[in-house]
Amino acid sequence: MLRSPETIEPTAAAPRPRRIVEVDALRGFALCGIFLANVLVMAGLDGQRGGGQHTSGVDQVAYWLVMMFVQTKFYLLFSFLFGYSFTLQMGAAERDGAAFAPRMLRRLLGLFVLGLLHAALLYPGDILATYAVLGLVLFAARSADPGRMWRAALWLYGVLAALYVLFAAAVALVDSGDDGASAAARAETAVAYRGGAGEVIRANIGAWPDVLAGLFMMGGMVLAAFLAGFVAGRRRLLTDTPDRAARLRRILVGGLAVGLPGGALMAAGTVGPLGARWEIPMFVVGMLTAPALSAAYASGLLLWFASPRGARLAARLAPAGRMALTNYLTQSLVMALVFTGYGAALYGRAGAAAVLGGAVLFYGCQLAASAWLMRRHRFGPVERLLRAVTLWGRPVPRA
């Protein structure tokens, strides 16, 4: 198993807990996918068939690929890792001889406050506040048997799938076209995001009802991923076990077989060539098959990380995953400076290919910056702040 070189040597007082590089690397990988999905929203390209007004053939292809391979897949992977990390927090409290409940409640409160500020000032589609609220469910169920939690995750997914299928069937029966009202709403939103700071903040807060509606629809999937990640952490499924490679290969093959067709249908419905009436039904199909593709991504990477080349990739991704919270908020800050009136005000003025290409380049810069910081510090800036809140009253190590 790969171990982070910064955490192998114990301190003189007590052994420092070892980080699992593969988990950090998966988190860094998920962070990139979340960025690619979020940047389309911040650029004003989401919800527009074909990728928006300023489109070319390349833009269409780029938008289609993101909808197939990225949309709804990476936030589920990130959610799974949140549940997994929950068990690591439990282990840390046990090693320190500290009560877990007040620690975790302070941590969730810190995430919630950060999330509200993030959603108001930078990006209304914040995930931190959502994680803080749904994390309370995981907190309440933390003592449950892992087998029962896994069955609960499956039942939750099954109920959600049934509800989503009914919803998709109802929508498919209605011939829904674009009546111009959505175009007018997009134009109004564009004016707001290209305005001053006050208009940007008002637009962000004004988007909260739509975000809450999306949370109502997607929150159950996030919670199911939380539970699955918690079970994986309790059973140490991401660490070395005798049947690990065989299990990961089975998940990889099954996940690709289910997830790739589902992703293609999602892209065909939301971007084309299927008509507008199929947009919501095909999005639902893609959402229901997204967990399979998320699992395939994780399994494939974990298998690759066991090879020499994969180990080098994991070493490059892991620093970004170690300071994922800092990187996530930095991405939103840069997107706000590029696309809103805080800076260049390019909202709705760029094509999908240019937007996504810029996001990939910036993420490459984040990888380099994260590696530099993690060679010198144990925590990123925002991670240090959240750790201080979590360990209230205890000194936070500097190095």
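# Side-chain pairing, helix packing and backbone exceptions

D96 has a relative accessibility of 43% and therefore counts as partly exposed; in this report buried means under 20% relative accessible area, exposed means over 50%, and partly exposed lies in between, with a 1.4 Å probe and protein chains only. The structure is a predicted model, in which local features need pLDDT of at least 70 and side-chain atom pairs count only at pLDDT 80 or more, while totals for chains, interfaces and linings use all residues. Residues are numbered from 1 along each chain as its sequence is written, and side-chain values use heavy atoms, with hydrogens and water left out.

## Salt bridges

D96 forms a salt bridge with R103, and the closest N and O atoms are 2.7 Å apart. A salt bridge is defined as a side-chain nitrogen of Lys or Arg within 4 Å of a carboxyl oxygen of Asp or Glu. In contrast to the partly exposed D96, R103 counts as buried because its relative accessibility is 7%.

A search of the whole structure finds two salt bridges. Besides the pair of D96 and R103, the side chains of R27 and D24 meet at 2.9 Å, N to O. R27 and D24 both belong to helix α1 (residues 21-42), where they are three residues apart, about one turn of the helix. Helices (H or I, at least four residues) and strands (E, at least two) are DSSP runs, numbered from the N terminus. R27 counts as buried because its relative accessibility is 11%; D24, at 3%, therefore also counts as buried.

## Overall composition

The protein chain has 15 helices and zero strands. Of its 399 residues, 48% count as buried. Contact means heavy atoms within 4.5 Å. Among contacts between residues at least 6 apart in sequence, 79% join residues at least 24 apart. The chain exposes about 18500 Å², of which carbon and sulfur atoms supply 69%; accessible areas come from the Shrake-Rupley method with a 1.4 Å probe, and for residues only the protein chains shown count as cover.

## Helix α4: a surface patch and a packing partner

A nonpolar patch on the surface is formed by L109, F112, V113, L116, L117, L121 and V133, with about 580 Å² of accessible area together. Patches are made of residues with over 30% relative accessible area and no salt bridge; like charges are joined within 9 Å, and nonpolar side chains (Val, Leu, Ile, Met, Phe, Trp, Tyr) within 5 Å. Helix α4 (residues 100-121) gives the most to this patch, with six residues. L116 is found in helix α4, and its relative accessible area of 36% is why L116 counts as partly exposed.

Helix α4 also packs against helix α8 (residues 197-206), at an angle of about 120° and with the axes 7 Å apart. This angle makes α4 oblique to α8. The contact is made by A119, A120 and L121 of α4 and by I201, N204 and I205 of α8. Axes are lines fitted to C-alpha atoms, for helices over the stretch in contact, and angles run from 0 to 180 degrees between N-to-C directions. Angles under 35 degrees count as roughly parallel, over 145 as roughly antiparallel, 65 to 115 as roughly perpendicular, and the rest as oblique.

## Buried residues and their surroundings

The table gives the place and the relative accessible area of four further residues.

| Residue | Place | Relative accessible area |
|---|---|---|
| M221 | helix α9 (residues 208-234) | 3%, buried |
| T87 | helix α3 | 10%, buried |
| T72 | loop between α2 (57-69) and α3 (74-96) | 4%, buried |
| A345 | loop between α13 (324-339) and α14 (352-374) | 9%, buried |

Leaving aside neighbours within four places in sequence, M221 is in contact with Y75, L76, Y157, L160, Y164, M287 and P291. M221 and Y75 are 146 residues apart along the chain, and their C-alpha atoms are separated by 9.8 Å. T87 touches F230, G233 and R234, not counting residues up to four places away in sequence.

## Backbone exceptions

Most residues other than glycine have a negative phi, and most peptide bonds are trans. T72, a residue other than glycine, has a positive phi near 70°. A345 is likewise not a glycine and has a positive phi of about 55°. A cis peptide bond joins G272 and P273, with omega about 15°. P273 is placed in the loop between α10 (244-270) and α11 (279-305).
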